[in-house]
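Me: I'd like to practise reading helix packing with you. Could we go through one example together?

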Amino acid sequence: MSEKESKPERYSLDRVTVEMRTELTWEMPGKIKEFPWPLELQGKGSTNEQDGSMHIEFPKGDIFLSFVTAIHELGHLRQEELKPALKAKTGIARDFAQESDAWERGWKRFIKSNPDTLKSLENKFQKYHKQGKLEFASFQELYQWIQQNALRMVEVQRVLFEGSKKPQEERMNMLADELEKIGVRDFLTRYAETRVGEIIDEQKMRVVIKKTLKHIIAE
Ligand SMILES: [Zn+2]
């Protein structure tokens, strides 16, 4: 056997855990928890470069919003390995760069590995749009709108670093004030209004994630 054949793959589907979240488990101290945080914003995407394992979580919520989060989280996988410049940053600059990269990377991976799902999501989106349920023109436009707002929410977290010597609750209250200032309450209200009343199909979502993972493993 050549060395290439005997060498185990660095990543494999067996070492990826995929979990679905059915309720919001974020712990939010102080005034932060008073915002109407939706289940659909909760997800996770992480890679353990040591043992080659990956972990992804997606929300069981309304279809378009849940897809947006799942696609974003897929963008986090292997991102620092593929773009080492992300590791060079520190503090909020690092968080912002990682989040920004995950939004772009996740979308590119999704459209490459799941063109048919994108097409059917866009068709479904148009159907709801015509019924007047969605003001956005397309699923991609909704994705970009959430991307912009999510990044603004990351950016304001600089107050947590600036006030890092203060007690946790006080820092969280400072963050809550910042979030209020940039209009997060309006964003979350409008976000909730983009629910169409159709919950994601867990099995279909798992198929989409698996297809994307195969693409990510081969990158
Ligand atoms: Zn993220």
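Me: Which residues of helix 5 are buried?

Reply: This is a predicted model, and burial here is a matter of counting neighbours: 20 or more other C-beta atoms within 10 Å make a residue buried. In helix 5, that description fits A102, W103, R105, G106, W107, R109, F110 and S113.

Me: What do the buried residues of helix 5 pack against?

Reply: Their partners are helix 2, helix 3 (79–82), helix 6, helix 7 (139–155) and helix 11.

Me: How far does helix 5 reach from its first C-alpha to its last?

Reply: To read this, set the span beside the one expected at 1.5 Å a residue. Helix 5, with 23 residues, reaches 32 Å, close to the expected 33 Å.

Me: Let's take one of those partners. At what angle do helix 2 and helix 5 pack?

Reply: The angle between the two axes is the thing to look at, and 65 to 115 degrees counts as roughly perpendicular. Helix 2 (residues 63–76) and helix 5 (residues 91–113) pack at about 105 degrees, their axes being 7 Å apart. The two helices are therefore roughly perpendicular to each other.

Me: Which residues meet there?

Reply: From helix 2 come I71, H72, E73, L74, G75 and H76. Helix 5 brings D101, A102, W103, E104, R105, G106, W107, R109 and F110. Sorted by class, the contact of helix 2 with helix 5 has 6 nonpolar, 4 polar and 5 charged residues.

Me: And how do helix 5 and helix 11 cross?

Reply: Read this pair by its angle too. The axes of helix 5 and helix 11 cross at roughly 110 degrees and come within 9 Å. That makes helix 5 roughly perpendicular to helix 11. R109, F110, K112 and S113 of helix 5 make the contact with K211, T212, H215 and I216 of helix 11. The residues of this contact divide into 2 nonpolar, 3 polar and 3 charged.

Me: Now for helix 11 itself. Why do its buried residues line one face of the helix?

Reply: The general idea comes from the helical repeat. An α-helix has 3.6 residues a turn, so residues three or four places apart point the same way. In helix 11 the buried residues are M205, V208, I209, T212, L213 and I216. Viewed down the axis of helix 11, the buried residues fall within an arc of 140 degrees, so they line one face. On the other side of helix 11, Q203, K204, K214 and A218 are exposed.

Me: What does the buried side of helix 11 pack against?

Reply: The buried residues of helix 11 pack against strand 1 (16–21), strand 3 (53–59), helix 2, helix 5 and helix 6 (115–130). As for its span, helix 11 (residues 202–218) has 17 residues and reaches 24 Å, close to the 24 Å expected.

Me: How should I read I217, which is found in helix 11?

Reply: Count its neighbours, then look for contacts from elsewhere in the sequence. I217 has 18 C-beta neighbours inside 10 Å and so counts as partly exposed. Setting aside residues up to four places away in sequence, I217 touches Y11 and S12. I217 and R10 are 207 residues apart in sequence, yet 8.3 Å apart in space, C-alpha to C-alpha.

Me: Where does I32 lie?

Reply: I32 sits in the loop between strand 1 and strand 2 (44–48). With 17 C-beta neighbours inside 10 Å, I32 counts as partly exposed. Leaving aside neighbours within four places in sequence, I32 is in contact with M172, L175 and A176.

Terms used. Residues numbered from 1 in each chain as written. Predicted model: local features only at pLDDT ≥ 70, side-chain atom pairs only at ≥ 80, totals over all residues. Axes fitted to C-alpha atoms, helices over the stretch in contact; angles between N-to-C directions. Helix = DSSP H or I, 4+ residues; strand = E, 2+ residues; numbered from the N terminus. Parallel < 35°, antiparallel > 145°, perpendicular 65-115°, else oblique. Contact = placed C-beta atoms within 7 Å. Nonpolar A, V, L, I, M, F, W, Y, C, P; charged D, E, K, R; others polar. Expected span 1.5 Å × (residues − 1). Buried ≥ 20, exposed ≤ 12 C-beta atoms within 10 Å, placed from the backbone. Arc of directions from axis to C-beta.
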